[in-house]
Amino acid sequence: MQNDTSEFMDVDLYVPQKCSASNHIIRAKDQASFQINVAEVNKATGRFNGQFKTYAIGGAICRMGKSGDSILRLAKGDGSVSKNF
């Protein structure tokens with residue numbers, strides 16, 4: 001790819017993602033998919049510590065109405081949400 005000053009650059013035009021819940025590849029044309037960052041907080045102070053977990057959910061999970069349940073299950077597995085929530 002060439003920029004405005006005629007220099008050649010190495011650019012990835014599309015980086016495929018995998019659904020965190022189903023492990024399927026999210027297609028480029030999937031308009032129902034989304035990606036969310038869940039903040040990590042300090043347990044003592046309850047403040048954001050600068051890190052987060054990223055979850056990508058595919059459109060098939062959204063159409064089934066299971067996106068909320070999937071994010072909660074993934075967050076519990078990573079320890080972002082308590083097990084008894």
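**Ser67.** I started with Ser67, which comes out buried because its relative accessible area is 19%, and the cut-off for buried is under 20%. This is a predicted model, so I read every value here as computed. Ser67 belongs to helix α2. I then listed its contacts, leaving out residues up to four places away in sequence: Phe34, Ile57, Ile61 and Cys62.

**Core.** Next I looked up the largest nonpolar core. Which residues make up this core? I get nine: Cys19, Ile26, Tyr55, Ala56, Ile57, Ile61, Ile71, Leu74 and Ala75. Two elements, β4 (48-57) and α2 (67-78), each supply at least two residues of this core. I jotted down the usual background: in soluble globular proteins, nonpolar side chains tend to be buried together. Ile57 and Ile61, both on my contact list for Ser67, are also members of this core.

**Ala56.** I picked one core member and checked what Ala56 touches beyond four places in sequence. The list reads Gln17, Lys18, Cys19, Ser20, Ala21, Ile26, Phe34 and Gln35. Cys19 and Ile26 on that list are core residues too. Phe34 appears here and also among the contacts of Ser67.

**β3 and β4.** I moved on to the strands. How many bridges join β3 to β4? There are seven, with β3 covering residues 34-41, and the two strands run antiparallel. Going through individual partners, I found Asn37 bridged to Thr54 in β4, and Ala39 standing opposite Phe52 in β4. The two strands form a hairpin with six residues between them. In the turn I noted Gly46, with a positive phi of about 75 degrees. A reminder I left in the margin: in a regular strand the side chains alternate between the two faces of the sheet.

**Gly50.** While in β4 I also checked Gly50, which lies in that strand. Gly50 is partly exposed, with a relative accessible area of 47%. I took its C-alpha distance to Ala39 as well: 7.7 Å in space, for 11 residues in sequence.

**Asn23.** I had a look at phi for Asn23. The angle is positive, about 70 degrees, although Asn23 is not a glycine. Asn23 is in the loop between β1 (17-18) and β2 (25-26).

**Lys76.** Back to helix α2, where I looked up Lys76. Is Lys76 exposed or buried? Neither, as it turns out: Lys76 is partly exposed because its relative accessible area of 22% falls between the 20% and 50% cut-offs. Past four places in sequence, I find Lys76 touching Val81, Ser82, Lys83 and Phe85.

**Largest pocket.** I asked for pockets next. The largest has a volume of about 220 Å³. What lines the largest pocket? I wrote down Val38, Ala39, Glu40, Val41, Lys43, Asn49, Asp78, Gly79, Ser80, Val81 and Ser82. β3 gives the most to this lining, with four residues. By class I have four nonpolar, four polar and three charged residues. Val81 and Ser82, in this lining, are also on the contact list of Lys76. Ala39 is in the lining as well, and I had already met Ala39 opposite Phe52.

**Second largest pocket.** This one has a volume of about 160 Å³. Its lining has 13 residues, and those lying nearest the centre are Ile25, Asp30, Gly58, Gly59 and Ala60. The elements giving two or more residues to this lining are β2 and α1 (59-64). Which element gives the largest share? I find α1, with five residues. Sorting the lining by class gave me six nonpolar, four polar and three charged residues.

**Asp4.** Last stop was the segment before β1, where Asp4 lies. Asp4 is exposed because its relative accessible area is 83%, and exposed starts over 50%. I took the C-alpha distance from Asp4 to Ala60 and got 39 Å, the two being 56 residues apart along the chain. Ala60 is one of the residues I had just listed nearest the centre of the second largest pocket.

Methods
Residues numbered from 1 in each chain as written. Predicted model: local features only at pLDDT ≥ 70, side-chain atom pairs only at ≥ 80, totals over all residues. Heavy atoms only, no water. Core = buried A, V, L, I, M, F, W, Y, C linked by side-chain atoms within 4.5 Å. Buried < 20%, exposed > 50% of the residue type's maximum accessible area, 1.4 Å probe, protein only. Contact = heavy atoms within 4.5 Å. Pairing = 2+ DSSP bridges. 1 Å grid on protein atoms, 1.4 Å probe; cavity = no way out; pocket = protein on both sides within 12 Å on 5 of 7 lines; lining within 4 Å. Points joined across faces, edges and corners; volume = space filled by probe spheres on them. Nonpolar A, V, L, I, M, F, W, Y, C, P; charged D, E, K, R; others polar.
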